[in-house]
Amino acid sequence: MLERLEHRVDIVENGILAVDAVIDGWYRERPYDLILMDTYMPFMNGFHAMAEIRRFEEEQGFTRTPIVVLTAEEG
């Protein structure tokens with residue numbers, strides 16, 4: 001759906017790759033406008049990945065990217 005609206009969409013399999021994608025985006029001067037983050041990703045959960053992204057942005061003096069945290073957990 002987002003691609004049909006002409007947004008660039010990148011999908012990664014785990015939290016480590018999510019952090020790497022965000023860092024890579026900044027270094028390629030194509031930072032993300034928005035991050036949709038799953039809380040239950042393998043290897044590094046969404047909360048830890050979000051903390052790593054915030055730490056990187058702060059250390060580099062970059063503007064904080066909006067992050068929307070999602071979960072498929074019931075209840």
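Two aromatic rings of Phe, Tyr or Trp, the last taken by its six-membered ring, count as a pair if their centres lie within 6.5 Å, and the angle between their planes names the geometry: under 30 degrees is stacked, over 60 is edge-to-face, and the rest is tilted. In this predicted model, ring pairs of that kind link W26, Y27, F56 and F62 into a cluster, and the structure holds three aromatic pairs. In one of them, the rings of Y27 and F56 have their centres 5.8 Å apart and their planes at 75°, so this pair is edge-to-face. Y27 belongs to helix α1 and F56 to helix α2, 29 residues apart, and the pair therefore joins distant parts of the chain. The two partners differ in their surroundings, since Y27 counts as exposed at 53% relative accessibility, whereas F56, at 6%, counts as buried. The rings of F56 and F62 also pair, with centres 5.7 Å apart and planes at 55°, so the geometry here is tilted. F62 itself has a relative accessibility of 26%, and for that reason counts as partly exposed.

The two helices that share the Y27 and F56 pair can be taken in turn, beginning with α1. At 1.5 Å a residue, the 13 residues of α1 should span 18 Å, and the end C-alpha atoms of α1 are 19 Å apart, which agrees. The buried residues of α1 are G15, A18, V19, A21, V22, G25 and W26. Seen down the axis of α1, these buried residues fall within an arc of 160°, so they line one face of the helix. The elements they pack against are β1 and α2. At the start of α1, a side-chain oxygen of N14 reaches to within 3.0 Å of the backbone nitrogen of I16, and just after the helix E29 takes a positive phi of about 60°.

Helix α2 can be read in the same order. The 15 residues of α2, residues 46-60, should span 21 Å at 1.5 Å a residue, and the end C-alpha atoms are 21 Å apart, which agrees. The buried residues of α2 are G46, A49, I53, R54, F56 and E57. Because they cover an arc of only 160° around the axis, they lie on the same side of α2. The face turned away from this buried side carries the exposed residues E58 and E59. The buried residues of α2 pack against α1 (15-27), β1 (35-38) and β2 (67-70). At the start of α2, a side-chain oxygen of N45 reaches to within 2.9 Å of the backbone nitrogen of F47, while just after the helix G61 takes a positive phi of about 75°.

What lies between these elements is seen in the nonpolar core. The largest such core has 14 residues, and those with the most contacts inside it are V22, I35, M37, A49 and I53. Helix α1, strand β1 and helix α2 each supply at least two residues of this core, and α1 gives the most, with five residues. I53, one of the residues with the most contacts in the core, is in contact with V19, V22, I35, M37 and I67, once its neighbours within four places in sequence are left aside.

Among the buried residues of α2 is also R54, which is a charged side chain's place to look at next. R54 lies in helix α2, and at 18% relative accessibility R54 counts as buried because the cut-off for that term is under 20%. Leaving aside its neighbours within four places in sequence, R54 is in contact with R64, T65, P66 and I67.

The last stop is T39, in the loop between β1 and α2. At 7% relative accessibility, T39 counts as buried. The side chain of T39 makes a polar contact with the side chain of T71, at 3.3 Å. Apart from neighbours within four places in sequence, T39 is in contact with N45, G46, F47, V69, L70 and T71. Two of these contacts also appear in the account of the start of α2, where N45 reaches by a side-chain oxygen to within 2.9 Å of the backbone nitrogen of F47.

Key
Residues are numbered from 1 along each chain as its sequence is written. This is a predicted model: local features need pLDDT of at least 70, side-chain atom pairs count only at pLDDT 80 or more; totals for chains, interfaces and linings use all residues. Side-chain values use heavy atoms; hydrogens and water are left out. Helices (H or I, at least four residues) and strands (E, at least two) are DSSP runs, numbered from the N terminus. The expected span of a helix is 1.5 Å times one less than its number of residues. Buried means under 20% relative accessible area, exposed over 50%, partly exposed in between (1.4 Å probe, protein chains only). The arc is that of the directions from the helix axis to the C-beta atoms. Contact means heavy atoms within 4.5 Å. A polar contact is a pair of N or O atoms within 3.5 Å; within protein, one must be able to donate a hydrogen and the other to accept it, and residues adjacent in sequence count only if both atoms are side-chain atoms. A nonpolar core is a set of buried Ala, Val, Leu, Ile, Met, Phe, Trp, Tyr and Cys residues joined through side-chain atoms within 4.5 Å.
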